Amino acid sequence: MKTILIVDDEPAARYGLRRALESRYRIAEADSAESARDALLTEKPDLVLLDVVLPGQDGLSFLETLRDQGSAMPVLMVSALDAAKTAVDALRLGAADYLVKGFELDELRQRVANLLKLASLEQENDSLRRQLAAEGQFGAMIGRSEEMRRAFEIADRVAPTDSTVLILGESGTGKDLLAQEIHERSRRAGKAFVAVNCAALPETLIESELFGYERGAFTGAAQQRRGKFEQAHGGTLFLDEIGDMNPVTQAKVLRALENRTIERLGGSQTIPVDVRVISATHRDLPSEIRSGKFREDLFYRLRVVTIELPPLRSHKGDVSVLANAFLKMHGARLGRSARLNQESLAALEAYNWPGNVRELKNALERSVVMGRGEEILPSDLPNEVASGQPLTSKENANGDAGMGERDFREAKRKFEIAWITKELASHRWNVSRTAATIGLHRQSLQEKLRELGIRRPGRDAVDDDSNL
C-alpha cells in the first residue's frame, strides 16, 4: 500500500484529507516542515500533500529544500490561496501539481492516483537507466570499460540534484553529450539547455555573451540583449572549455554562481538567475591555478562533483562496441549497411585515436561513404588509421612516448615503440628497408618487434615477409 504524507498545520484540514484518502492509502501526518522532515525518514512516503502556509518554514521553502537535496518525490501543493504567482512558483520549484482548497474530493483522489502512477513509471525508468549505465550505456554515450561505467555511475547519481558539475577530458571524449544527458535526467529537463564554448569566443565578446548588455553599452549595441545566464534561467548552463576563460570573466562567473544574480554590461539592475551550471575543460586546472591563469575559488565552486572521461586510447576495449554503434547510425542515415572485417577492426583497435570518440565517429562515416561494398576494408579507412600514424602528435605531447614516465626502463620501452613504429610506417612497414635505414640487421629488428609487441595494424603478429 502506498503511503501519503499530509503536511498541514490545521487539524481539520488534515482530518478531511485523511478521510478522503485512507481507504486506498496509508496516511501519515505532520503539522510543520520540521515535523515533516522527521516523517520523511520514518514513514518513507510515496507522495506528499503539502500546504503552502505553515508555521516556521513555509511550504514553498520546504519544497525547495527537498529538491536541492535531490529528492524526486512527487509533491502536490495544497493552498487556500488562489494566486497564479504562488502556483507558478510552486511548479517552478518542482511541485508535481497544485490544488486550491475547496476542491472536490473526487478531483483530489484522481490527482493523487495520477501522480502516484506517474511516479511509478519514473521509478521504472530510473531503474532501467541505472541498469543501462551499469551495462555501459548513458543516454547517447556507450562504454563498457570500468572507467566509463564509473563516469556514468557518478553522472547518474548527481543528475537529479542541482549541484555544479565539472567534466574533465580531452577534446572529443563526449563532454558535451554527458552534460546534455545530466540535464535530461535532472528536474530541469524540458527547460533550456544553453551551451557556451568559452574557447571559441574572443575575450572581448565572452562577457557580453554570458551576461548580455543594455542598449548603448558599447559601440554597436543598438538594442538590449539577454545573455546566456538569462537564457538558461530555470534550466542548465553548460560552460564548455571553461579553462580558456579570461580571469576578469572568471570573477564575474564566480559572483553569479554565489549570488545567483547577474548584471548586464552597461546596466546597474541586479537580475536574479536560476541556473544549474555544468562546466567542462581539457586543461589541467590545478596547473592553471599554479600559473595564475585560473581562479582557485572558482575551481572549487565548479567542482562540487567532478567526472573524468578517459581518452579512447586508455579504454580500447570499447572501440569495437562504439564502432558497431556508429556503423548502424551512419548506415541508417545513408541508407546502406556496413560492417567491419577482422583486419579493419584490428586497425581501429591498434590506432591511438588522438581525436578520441569524435575522431572514431568521423572516420567510420568516411569509411561508409567511401566503401564500395557492405564490408569495410582497411583500404576504406582513413590513411592515418590504416597506417597507425595519427596526423597529430597529441599522444607524444601527452607523454605516450615515455616522456611522462619516472621509471627509466618503462620510458625507454615506450620511446622505442613510438620511434620504431614511426620508422616502419614511413617505409610502408617494410622490415628490410626500415632495418637498413635505422642501422640494424633485419633479424635484429624482427627480434626487437617481437620483444616490444609491435605489429602492423590489421596483422595478428610479426611474420617473416619483408612487410609486416
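These legends walk through several close-up views of a predicted model.

**View 1. Aspartate 97 and arginine 111 pair up in a salt bridge.**
Here the closest N and O atoms of the two side chains sit 3.1 Å apart. The pair links distant parts of the chain, with aspartate 97 in strand S5 (residues 97-100) and arginine 111 in helix H5 (residues 105-135). Along the sequence, the two partners are 14 residues apart. Is arginine 111 buried, exposed or partly exposed? With a relative accessibility of 23%, arginine 111 counts as partly exposed.

**View 2. Glutamate 230 meets arginine 264 in another salt bridge.**
This time the closest N and O atoms are 2.9 Å apart. Glutamate 230 belongs to helix H9 (residues 228-231), while arginine 264 is in the loop between strand S13 (261-262) and strand S14 (271-272), so the salt bridge ties together parts that are 34 residues apart in sequence. Both partners are tucked away: glutamate 230 counts as buried at 10% relative accessibility, and arginine 264 counts as buried at 10% as well. The cut-off for that label is under 20%.

**View 3. Lysine 448 and glutamate 451 form a salt bridge within helix H20.**
Their closest N and O atoms are 3.6 Å apart. The two residues are 3 apart in helix H20 (residues 442-452), so about one helical turn separates them. Glutamate 451 has a relative accessibility of 56% and counts as exposed, since that label applies over 50%.

**View 4. Arg14, Arg18, Arg19, Glu22 and Glu29 join into one network.**
What holds this group together? The answer is salt bridges that share partners. As background, side chains of opposite charge can pair when their charged atoms come close. Looking across the whole model, the count comes to 32 salt bridges.

**View 5. Six named residues line the largest cavity: Arg92, Arg187, Arg188, Lys191, Gly234 and Asp274.**
The model has 3 cavities of 30 Å³ or more, and the largest has a volume of about 40 Å³. Which classes of residue make up the lining of the largest cavity? There are 5 charged residues and 1 polar residue, with no nonpolar ones.

**View 6. Five strands make an open sheet in the order S2-S1-S3-S4-S5.**
Pairing in this sheet is parallel. At the edges are strand S2 (26-30) and S5, and each of these pairs on one side only. From one strand to the next, the twist averages 20°. Zooming in, strand S1 (residues 3-7) runs parallel to strand S3 (residues 47-51), and 4 bridges join them. One spot to look for is isoleucine 6, whose bridge partner in S3 is leucine 49.

**View 7. Strand S12 (residues 236-240) is mostly covered, with 5 of its 5 residues buried.**
In a regular strand the side chains alternate between the two faces of the sheet. For S12, one side has Thr236, Phe238 and Asp240, the other has Leu237 and Leu239, and all of these are buried, so both faces are covered. S12 also has parallel partners: 5 bridges join strand S9 (residues 193-197) to S12, and 4 bridges join S12 to strand S15 (residues 276-281). Asparagine 197 has aspartate 240 as its bridge partner in S12. As for S15, threonine 236 stands opposite arginine 276 in that strand.

How values were computed
Residues are numbered from 1 along each chain as its sequence is written. This is a predicted model: local features need pLDDT of at least 70, side-chain atom pairs count only at pLDDT 80 or more; totals for chains, interfaces and linings use all residues. Side-chain values use heavy atoms; hydrogens and water are left out. A salt bridge is a side-chain nitrogen of Lys or Arg within 4 Å of a carboxyl oxygen of Asp or Glu. Buried means under 20% relative accessible area, exposed over 50%, partly exposed in between (1.4 Å probe, protein chains only). On a 1 Å grid over the protein atoms alone, a cavity is a set of points where a 1.4 Å probe fits but cannot get out, and a pocket is an open set with protein on both sides within 12 Å along at least five of seven lines; lining residues have an atom within 4 Å of a point. Grid points are joined across faces, edges and corners, and a volume is the space filled by probe spheres set on the points. Ala, Val, Leu, Ile, Met, Phe, Trp, Tyr, Cys and Pro count as nonpolar, Asp, Glu, Lys and Arg as charged, and the others, Gly among them, as polar. Two strands pair if DSSP finds at least two bridges between them. Axes are lines fitted to C-alpha atoms, for helices over the stretch in contact, and angles run from 0 to 180 degrees between N-to-C directions.
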